[in-house]
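I opened a new page in my notebook to follow one chain through its helices, its sheet and its charged pairs. My plan is to write down what I looked up, one topic at a time.

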Amino acid sequence: MTLDLRGVLFDLDDTLAASAEAEERVWHDVADVIASRLPGIDRDELRGRYLEALHRHYPDLAAGRTDALTFRRVRLAEALEPWGALDDDLFEAYLAEKRRIPEEVEPFPEAIATVRALRGRGIRVGVLTNGPSDLQRRKLEVSGIGAELDAIAISEELGVAKPDGEAFRKALDLLGTRAEETAMVGDSLENDVL
């Protein structure tokens, strides 16, 4: 027996919205702020260390085991270790730059048209995304994607993150569809597909 498609869940970052592009644009200003306070910093090495720290600490943030501010402080402090300690003034300057990211997130071309086309065919459409609620909801608002959706599932609000099966079950409950009649679209083999 086959069922018709009744729902689609999309990942947000780098699936519907160009989040990595926005982060990359803001990163140059972040690096300028850091370099002005820690002369002699190697920007390429800093970027590498900063990305490595993301992979180590993000699972705790996505699952709600740590808050966004603590995650950002620990991540930046770890990245800066070879050049100096993270003080409160530098952390505040870093945060001021990082707060620009959601304001610069744009939907990918045709993302909104795709969501509208699916909904026009009677298919329920939602987002299942990992991350802090305030950040992800702002991206959805600024990009215009949020207003087009039937359901929004954010890991911090769910209390569980992808790839945990419970995140998908909770998202399906919000969407009002069953797994066997719902597609998942994302950019991560581990988090979205497997």
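These entries go from a helix to the sheet and then to the salt bridges, and I note at the start that the model is predicted.

**Entry 1: helix α1**

I began with helix α1, which covers residues 19-37, and I asked what span its 19 residues should have. At 1.5 Å a residue the expected span is 27 Å, and I found the end C-alpha atoms 27 Å apart, so the two values agree. I also looked along the helix for a bend, and I noted one of about 30 degrees at W27.

Next I looked up which residues of α1 are buried, and W27 is on that list, together with S19, A22, E23, V26, V30, A31, V33, I34 and A35. What covers these buried residues includes α2 (43-62), α3 (68-80), α4 (88-98), α5 (101-104) and α7 (133-143).

**Entry 2: the sheet**

I then asked in what order the strands of the open sheet lie. There are 4 strands in the order β3-β2-β1-β4, and their pairing is parallel. The edge strands are β3 and β4 (182-185), each of which pairs on one side only. From one strand to the next, the twist averages 20 degrees. As a reminder to myself, strands of a sheet pair through backbone hydrogen bonds, either parallel or antiparallel.

For a closer look I chose strand β2, residues 124-129, which pairs with β3 in the parallel sense over 4 bridges. Within this pair, L128 stands opposite A153 in β3. Helix α7 packs on the sheet, where it touches β2 and β3, and its direction makes about 145 degrees with that of β3. Helix α9, residues 165-175, also packs on the sheet and touches β1 (7-10), β2, β3 and β4, with its direction at about 150 degrees to that of β2.

**Entry 3: salt bridges**

I asked how many salt bridges the count comes to, and the total is 25. I followed a few of them in detail.

D150 forms a salt bridge with R119, and the closest N and O atoms are 2.8 Å apart. This pair links distant parts of the chain, since D150 lies in the loop between α7 and β3 (151-154) while R119 lies in helix α6 (residues 111-120), 31 residues apart. Are these two partners buried or exposed? D150 has 25% relative accessibility and so counts as partly exposed, and R119, with a relative accessible area of 35%, is partly exposed.

R137 forms a salt bridge with E157, with the closest N and O atoms 2.9 Å apart. Here too the pair links distant parts of the chain, with R137 in helix α7 and E157 in helix α8 (residues 155-158), 20 residues apart. R137 counts as partly exposed because its relative accessibility is 36%, and E157 counts as partly exposed at 41%.

In the third case, the side chains of E141 and R138 meet in a salt bridge at 3.0 Å, N to O. Both residues lie in helix α7, 3 residues apart, which is about one turn of the helix. E141 has a relative accessible area of 55%, over the 50% cut-off, and is therefore exposed, whereas R138 counts as partly exposed at 29% relative accessibility. I closed the page with a network, in which salt bridges that share partners join R25, D29, E97, R100 and E104.

Note on methods:
Residues numbered from 1 in each chain as written. Predicted model: local features only at pLDDT ≥ 70, side-chain atom pairs only at ≥ 80, totals over all residues. Heavy atoms only, no water. Helix = DSSP H or I, 4+ residues; strand = E, 2+ residues; numbered from the N terminus. Expected span 1.5 Å × (residues − 1). Bend = angle between axes of the 7 residues up to and from the residue. Buried < 20%, exposed > 50% of the residue type's maximum accessible area, 1.4 Å probe, protein only. Contact = heavy atoms within 4.5 Å. Salt bridge = Lys/Arg side-chain N within 4 Å of Asp/Glu carboxyl O. Pairing = 2+ DSSP bridges. Axes fitted to C-alpha atoms, helices over the stretch in contact; angles between N-to-C directions.
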